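User: Got a minute to go through this one with me? I'd like to start with burial and see where we end up.

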Amino acid sequence: MNRRLTVAQAIVAFLSNQYSSRDNRERRFFQGCFGIFGHGNVAGMGQALEQDRRLRYYLCRNEQAMVHTAAAFSKASFRLRTLACTTSIGPGATNMITGAALATINRLPVLLLPGDIFARRNVSPVLQQLESPASQDASVNDCFKPVSRYWDRIQRPEQILTALPEAMRVLTSPDNTGAVTLSLPQDVQTEGFDFPEEFLEKRVWTIPRNRCDRAFLITAAEWIRSAKKPLIVAGGGVLYSEAWDALAKFAQQTGIPVCETQAGKGSLPYDHAQQLGAIGVTGTPGANIMAREADLIIGIGARYSDFTTASKTAFQNAEVRFININVAEFDSYKHRALPLTGDARVTLEELSEALAGVRVNSSYQERISEFRDEWEKEVDRIYGIRKDPPITQGQVIGVINEMSHADDVMVCAAGSLPGDLHKLWRTRGPGNYHMEYGYSCMGYEIAGGLGIKMAKPQSDVYVMVGDGSYLMMAQEIVTSVQEGYKLNIVLLDNHGFSSIGGLSRGCGNEGMGTNYRYRQGERYDGELLPVDFQANAASLGAWAVRTRTSEELRNALHEGKKQTRTSVVVVETSYEDRVPGYESWWDVPIAEVSESDTVKRARTEYEKARKKERFLF
Ligand SMILES: Cc1ncc(C[n+]2csc(CCOP(=O)(O)OP(=O)(O)O)c2C)c(N)n1
Ligand SMILES: [Mg+2]
């Protein structure tokens with residue numbers, strides 16, 4: 001039996017009937033489809049979504065933002081669900097490229113359906129078409145290729161019969177997932193075809209828990225047994241595999257300490273006895289000192305970005321070896337590791353069994369406890385700093401952390417906040433800490449917060465956003481109000497880019513372009529720009545208030561919590577007061593040639609520090 005549908009109608013029918021399943025829990029894979037319509041999709045995908053309401057349509061304000069929302073939705077769902085995104089051709093399509101890169105880098109499934117130029121070609125060039133004298137087979141949508149894990153252009157209706165299953169395979173693949181882009185020429189979207197009924201029936205994609213090679217597992221157990229100073233680096237894969245209980249058991253049983261990457265934070269609660277906190281550039285002293293000395297690193301679901309490896313200076317023991325547990329073969333081989341290519345949960349369970357009775361010695365455990373105690377005191381100290389307005393960022397983090405519960409979610413992405421939060425946030429449950437730090441994309445915060453709230457409507461979502469990020473992308477407040485997905489947004493106003501200002505000065509420069517001030521001749525040395533964030537947020541439909549002291553902030557947050565619509569609490573924070581770095585380094589190359597003494601000095605320091613970098617090949 002066939003059903004005559006347009007290509008767009010068949011896509012909507014197909015997507016609404018796809019399910020994922022893991023551990024015998026089944027869920028609809030697509031919660032809905034975001035979209036902004038234009039001539040490139042309104043009569044195709046727009047018509048189909050209007051007619052077939054099984055795939056719920058959501059209107060947003062910006063195409064980049066909707067991809068962030070989809071990525072955050074999938075991250076908060078541990079990659080077991082996502083959202084689709086449809087756009088018009090041209091700028092609507094290319095607006096999604098940043099979102100696609102973010103999703104692919106963070107290994108998060110999102111399905112992108114940009115409109116594309118006519119397959120028929122006779123009316124070219126159409127509005128917004130990129131013309132090429134070299135080929136008629138080129139459009140701006142080709143820009144999605146390097147940032148997509150699967151890319152296709154649908155030139156004939158029957159191509160979706162093979163393209164959509166491929167798209168689903170990649171989206172639900174723990175190893176391969178990321179952005180999937182199906183470019184849909186605007187004429188093809190509307191073409192009718194007799195699609196087989198079976199193609200449109202319910203289909204369940206079972207997400208596997210692959211097991212690693214048996215011999216490698218035995219070797220890994222031997223390596224762990226003989227290690228004197230083992231350390232676990234927990235990455236995002238622990239959370240995506242829902243392996244937190246298996247990790248807690250493994251760490252408890254073996255006594256091996258655990259530190260966490262940005263994506264892996266929350267793998268253990270902050271008060272777990274083996275928890276050393278953040279590792280790397282934005283790490284804690286305990287994690288970084290123990291990483292430096294470790295003779296065995298067990299990386300679990302970690303990509304080893306430069307923030308985690310402190311630009312390859314984190315692991316200084318000449319004898320250090322790596323065991324990498326990772327669903328992706330690509331990651332499991334990093335640092336010449338013994339590759340346990342497989343799912344984090346089952347691999348940890350198997351390792352626990354293989355290591356029954358094996359435990360680190362008691363002096364190693366004491367060291368962990370000492371580092372833990374010292375670090376908790378340091379967090380208390382930073383949370384407890386009392387300063388006249390403008391208050392410190394550490395104080396703000398403390399206030400929000402103390403208010404929030406294990407099921408709530410704190411979301412952030414860029415600026416000076418990620419580093420401070422990585423160190424200071426006391427994570428109480430998996431998913432409680434949601435940091436987008438693969439792409440660290442300014443503008444993810446509010447759009448991402450919306451996706452989290454859609455995935456976890458019962459939880460309070462706290463969006464922490466700098467003034468720079470807010471000015472880049474705040475418009476999805478309107479969408480949150482429209483959809484009744486309430487966000488608790490805290491906007492930290494330090495009048496510019498504190499992070500990059502600090503970095504600029506650290507590189508011997510003067511912080512050009514990092515303050516929001518009036519121009520005075522060649523410099524931005526004038527008065528602060530009078531941006532009224534409270535009025536701005538209120539104008540978008542939010543309940544908004546401005547605060548200065550931490551008491552005012554606390555009261556406003558409680559008041560904001562009572563509101564039914566999205567609240568924005570603006571708090572002025574100090575540009576200068578920063579949480580220090582601990583026992584780490586980040587490679588940001590400094591000018592080798594300069595007339596400035598401060599740059600020259602920074603370069604000398606830089607050359608010295610770089611000597612610690614290792615080639616872990
Ligand atoms: C889209 C994007 N553009 C540029 C950057 C580089 N960048 C990182 S942090 C930052 C400034 C962030 O300012 P703000 O949100 O006010 O946070 P603050 O540094 O003041 O904490 C910039 C420009 C980025 N991460 N993302
Ligand atoms: Mg700022």
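User: Are Asp467 and Gly496 buried or exposed?
Analyst: Both Asp467 and Gly496 are buried. Keep in mind that this is a predicted model.

User: Okay, and what do Asp467 and Gly496 coordinate?
Analyst: The magnesium ion (ligand 2). Asp467 donates through OD and Gly496 through O, and Asn494 joins them through OD1, at 2.0 to 2.1 Å.

User: How are the donor residues of that magnesium ion spaced in sequence?
Analyst: The pattern reads D-x26-N-x1-G. Asp467 and Gly496 are 29 residues apart and link distant parts of the chain. Asp467 is in helix 20 (residues 467-472), while Gly496 sits in the loop between strand 21 (488-493) and helix 22 (498-506).

User: Switching topic: which residues form the negative surface patch?
Analyst: That one is made by Glu366, Glu370, Asp373 and Glu374.

User: Where is Glu370 placed?
Analyst: In helix 16, which covers residues 362-384.

User: And why does Glu370 count as partly exposed?
Analyst: Because its relative accessibility is 47%, and partly exposed covers the range between the 20% limit for buried and the 50% limit for exposed.

User: Last one, where does Ser305 lie?
Analyst: In the loop between strand 15 (296-300) and helix 13 (306-309). Ser305 has a relative accessible area of 25%, so it is partly exposed.

User: What's the C-alpha separation of Ser305 and Tyr437?
Analyst: It comes to 9.8 Å, with Ser305 and Tyr437 sitting 132 residues apart along the chain.

Methods. Residues are numbered from 1 along each chain as its sequence is written. Chains are lettered from A and ligands numbered from 1 in the order in which they are written. This is a predicted model: local features need pLDDT of at least 70, side-chain atom pairs count only at pLDDT 80 or more; totals for chains, interfaces and linings use all residues. Side-chain values use heavy atoms; hydrogens and water are left out. Patches are made of residues with over 30% relative accessible area and no salt bridge: like charges are joined within 9 Å, nonpolar side chains (Val, Leu, Ile, Met, Phe, Trp, Tyr) within 5 Å. Accessible areas come from the Shrake-Rupley method with a 1.4 Å probe; for residues, only the protein chains shown count as cover. A salt bridge is a side-chain nitrogen of Lys or Arg within 4 Å of a carboxyl oxygen of Asp or Glu. Lys and Arg count as positive and Asp and Glu as negative; His and the chain ends are not counted. The place of a charge is taken as NZ of Lys, CZ of Arg, CG of Asp or CD of Glu. Helices (H or I, at least four residues) and strands (E, at least two) are DSSP runs, numbered from the N terminus. Buried means under 20% relative accessible area, exposed over 50%, partly exposed in between (1.4 Å probe, protein chains only). Donors are N, O and S atoms within 2.8 Å of the metal (3.2 Å for Na, K and Ca); water is not among the atoms, so sites may look incomplete.
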